[in-house]
Every structure is written in C-alpha cells, then in structure tokens.
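Me: I have a model here and want the reasoning behind its labels. Can we go through them briskly?

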Amino acid sequence: MNKIGIYPGTFDPLTNGHLDIIMRSSKMFETLIIAVANSNSKNPLYSLCDRETMINLALQEYKSEISNAKCITFSNLLADLASDLNAKFIIRGLRVVSDFEYELQMGYANASLNDSLDTIYFMPTLQNAFISSSIVRSIILHGGKFSHLVPSSVHNYIMTNFLSKE
C-alpha cells in the first residue's frame, strides 16, 4: 500500500520553514503531496499559480532530497481531498502555542469529516522556528532582505517576477 501524506497550506510564499517540514516528512511517506490551498479568504499576496510554481521550483531545486514529493492545488475541503487521493495522513507544522490550539481544532474537524485521517505535527528545526509566510511577506513588502528565509529558487522567482518591476 502506498503511504500518502498531504502537507496542505497557503504557502504564500513557500519558506525555509515549510521546506524543513517537507524534507523531514517526505522521509515518512512513499508519496508526499504538497497541497496548495486556493484560500482567497486569506487574501494571498501571490496567485495560486505563482504559489504552485514556487513550490515546484523548490522541489526541483531539492529533488535529490525530496524526490517523492509533488505539488497540487485544491479548493475543496482538505478531508475530501484526502479521500480523493486515498491519503490517510495530514502533515502540519507547529511553531508556537497558538499554532497548536488552531491545528488541534483543525485536526479534530478533519477527523470528524474523514475518520480515516490522522494528523502528524512537526515542530520546525530551531533555525526555522521564527519563520512564517506572514513575516516573509512583510519583509518583502517593506523592501527588506529575505533571501535567508526562502529557498533560493523561490527568492529568484520573486525577485524576477515581482520585485524587479518596481
């Protein structure tokens, strides 16, 4: 049986914290699906297509370490997506206590919609514990240096497609 894990998120943009969790969780599954949520309610800075492209660039950049990962987009309920993909595991990251409270509720909600789902929580490595997409977006919007917070392929994509036009 193919063990499939889904790492869902908005990934606006993909950060080194996300990449840390992708690398570590990919070792646990035969297939790891990075599922980019449409999430228009969150008013993402980057389009769904751009976020998917950034993840695919990072997967290509790190293909020797995460060859079993692939990226998809979704707009339906995560529990339904997991059923559609025959996935039994959701991967989530926890940085701070408030993440735990939110993720615990989401894990229970997903399990109530799909009782075959289990959620696995990863704490980021210490060097990535402070990184969040919202911090990275704020730094980008204020013209700060962000190359140390995202994979180099993501940095290059943002610089080429968004920041060089200003």
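**Pocket, bridges and cores**

Reply: Start with the pocket. This is a predicted model. Its largest pocket is lined by 42 residues, and Gly9, Thr10, Lys42, Arg92 and Glu103 lie nearest the centre. The volume is about 1100 Å³.

Me: What makes up the lining of the largest pocket, by residue type and by element?

Reply: The lining has 16 nonpolar, 19 polar and 7 charged residues. Helix α4 gives the most, 7 residues. Among the other elements that supply at least two are β1 and α5.

Me: Why is the pair of arginine 92 and glutamate 103 called a salt bridge?

Reply: The closest N and O atoms are 2.7 Å apart. The cut-off is 4 Å, so the pair qualifies. Arginine 92 sits in strand β4 and glutamate 103 in helix α4. Both residues are buried.

Me: What makes aspartate 12 buried and arginine 137 partly exposed?

Reply: Aspartate 12 has a relative accessible area of 3%. Buried means under 20%, so aspartate 12 is buried. Arginine 137 has 23%, which falls between 20% and 50%, so arginine 137 is partly exposed. These two residues also form a salt bridge, with the closest N and O atoms 3.6 Å apart. They are 125 residues apart in the chain.

Me: How do you know that aspartate 99 counts as buried?

Reply: Its relative accessible area is 18%. The limit is 20%, so aspartate 99 is buried. Its salt-bridge partner is arginine 95. At 39%, arginine 95 is partly exposed.

Me: Which residues touch the most other members of the largest nonpolar core?

Reply: Ile22, Ile34, Ile55 and Leu59 do, in a core of 31 residues.

Conventions
Residues are numbered from 1 along each chain as its sequence is written. This is a predicted model: local features need pLDDT of at least 70, side-chain atom pairs count only at pLDDT 80 or more; totals for chains, interfaces and linings use all residues. Side-chain values use heavy atoms; hydrogens and water are left out. On a 1 Å grid over the protein atoms alone, a cavity is a set of points where a 1.4 Å probe fits but cannot get out, and a pocket is an open set with protein on both sides within 12 Å along at least five of seven lines; lining residues have an atom within 4 Å of a point. Grid points are joined across faces, edges and corners, and a volume is the space filled by probe spheres set on the points. Helices (H or I, at least four residues) and strands (E, at least two) are DSSP runs, numbered from the N terminus. Ala, Val, Leu, Ile, Met, Phe, Trp, Tyr, Cys and Pro count as nonpolar, Asp, Glu, Lys and Arg as charged, and the others, Gly among them, as polar. A nonpolar core is a set of buried Ala, Val, Leu, Ile, Met, Phe, Trp, Tyr and Cys residues joined through side-chain atoms within 4.5 Å. Buried means under 20% relative accessible area, exposed over 50%, partly exposed in between (1.4 Å probe, protein chains only). A salt bridge is a side-chain nitrogen of Lys or Arg within 4 Å of a carboxyl oxygen of Asp or Glu.
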